[in-house]
Amino acid sequence: MDYEISAEHLGFCYGNKEVLKNINLKIKEGSFISIIGPNGSGKSTLLKTLSGFLKPQRGAVLIGEENLKELSQREISKRLSMVPQNILLEFDFKVKDIVLMGRHPYIKRLKGETPEDIKIVEKAMRYTNILEFSDRLYNELSGGEKQRVILAQALAQQPRVLLLDEPISHLDLQHQVEILDLIKRMSMEEGLASIAVLHDLNMASAYSDHIVMLKAGEIFCEGEPEKVLTAENIAHVFNTDVTVSKNPVTGKTYIYPISTIPKKKRDTKIHIICGGGSGSKLIKELADNGFTVSTGVLNIGDSDWAASKEYELDVAEETPFLNITQKAYEKNLELALAAYCIVLMPIYFSKANIRNLELLTEKQLKDKKIYILGDRDFEKRDYTGGEARSLYKGLKKQLNVIQLEEYELIEALLKADEGNE
Ligand SMILES: Nc1ncnc2c1ncn2[C@@H]1O[C@H](COP(=O)(O)OP(=O)(O)OP(=O)(O)O)[C@@H](O)[C@H]1O
């Protein structure tokens, strides 16, 4: 496998302060790599060392087979371009002149730029969609436009490696996406190895082929986003608790920080009859809203059981593949009796869990509100040969049963809780 840029046992110190320790990296052409890590972990220093701007005291940086320290600055610039952090600096030049600066490593002294250079500059400007303002002054552009100009300059350099220090930090969401899309396209279409320092972990997850996570100057972990962006790694390196899930649209890992501000604790208790993942979202929403939630009867290992454990809920649980035992039934009843209301999620019923439905017809619960969510296609959810269906029919006739949508339920519960205060 050919690698475009690699670091071998790289070490760097500012004076006697060791900032990078034994960094080993191999980055392939056409790939998008993010470097993440907390403030001061050495991300910018690593990028500057890879670019040749800082000279490492230990180890080496190789571009292809060539050792960076053997190359002149002009030769380095033909292979690698660096987009620095502060692109908002004042540059009193026209856009096209700034992009043309990218050709400096190629332009021979006294000869000036060739028609070929002009063609390359135009192509870079077309690629980054800035041709229309090629005659405008850089200082008069917006942050997003400036970033595109600097990327066009980097592209005009025709590098094999593109290094970017926080390329989206000054941009609004639309321009963040625009710039990362552009960098990703440059990597895929031009075969560039792009290495970006990113603070936004979700953007790193969405765009990277590979993530390098730094902690105190060392690589703590690297690999595909889902391997690196785990709650454990993030807690360890960023000292922050997060929940990690999959974005339902893109399938990419999505990180959501858990606030350390204590939530408003509510007195209202809610018992949820769920299973097979039908209750996970509601569990999260109710727990996040400060309600005391319990669940049951759930098989140990079921995804709603796992969500209940994650939120440290009281659960009536059962060994998988067993019919609900008397002990689990009684625990379920106890939790239901202690709750303000019971919620029935649209679960499948078999002989194993039919007692979850029986529970709701218990006389002892006749004064409890029972909310039924998602009352559709019950027949398709009945694997008991009709027994569950007739119980369900009877249940719906009970005066304490109300059918609702999930959002209506949360509104109703918030209102009820506030009324109880
Ligand atoms: N020129 C310098 N002289 C001395 N120490 C420096 C210099 N530049 C950075 N440092 C120190 O090196 C360490 C790593 O800094 P670096 O800027 O590489 O971190 P970073 O991960 O990019 O941080 P941030 O996320 O805050 O930008 C920090 O402790 C910083 O104070």
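What is the mean pLDDT of the chain, and what percentage of its residues reach 70 or more? The mean pLDDT (the predictor's confidence in each residue, from 0 to 100) is 90, and 97% of the residues reach 70 or more. The structure is a predicted model, in which local features need pLDDT of at least 70, side-chain atom pairs count only at pLDDT 80 or more, and totals for chains, interfaces and linings use all residues. Residues are numbered from 1 along each chain as its sequence is written. For the complex, the predictor gives an ipTM of 0.98 and a pTM of 0.67.

The largest nonpolar core (buried Ala, Val, Leu, Ile, Met, Phe, Trp, Tyr and Cys residues joined through C-beta atoms within 7 Å) has 66 residues. A residue is buried if 20 or more other C-beta atoms, placed from the backbone, lie within 10 Å of its own. Val99, Ala152, Leu163 and Ile195 touch the most other members. Helix α5, residues 143-156, gives the most to this core, with seven residues; helices are DSSP runs of H or I with at least four residues, and strands are runs of E with at least two. A second, separate core of 39 residues includes Leu282, Leu286, Ala339 and Cys341.

The ligand is surrounded by residues whose C-beta atom, placed from the backbone, lies within 6 Å of it, among them Tyr14, Lys17, Asn39 and Lys43. Elements giving two or more residues to this shell are β2 (17-27) and α1 (43-51). The most come from α1, with three residues. The shell divides into two nonpolar, seven polar and two charged residues, with Gly counted as polar and Lys as charged.

How values were computed
A residue is buried if 20 or more other C-beta atoms lie within 10 Å of its own, exposed if 12 or fewer, and partly exposed in between; C-beta atoms are placed from the backbone.
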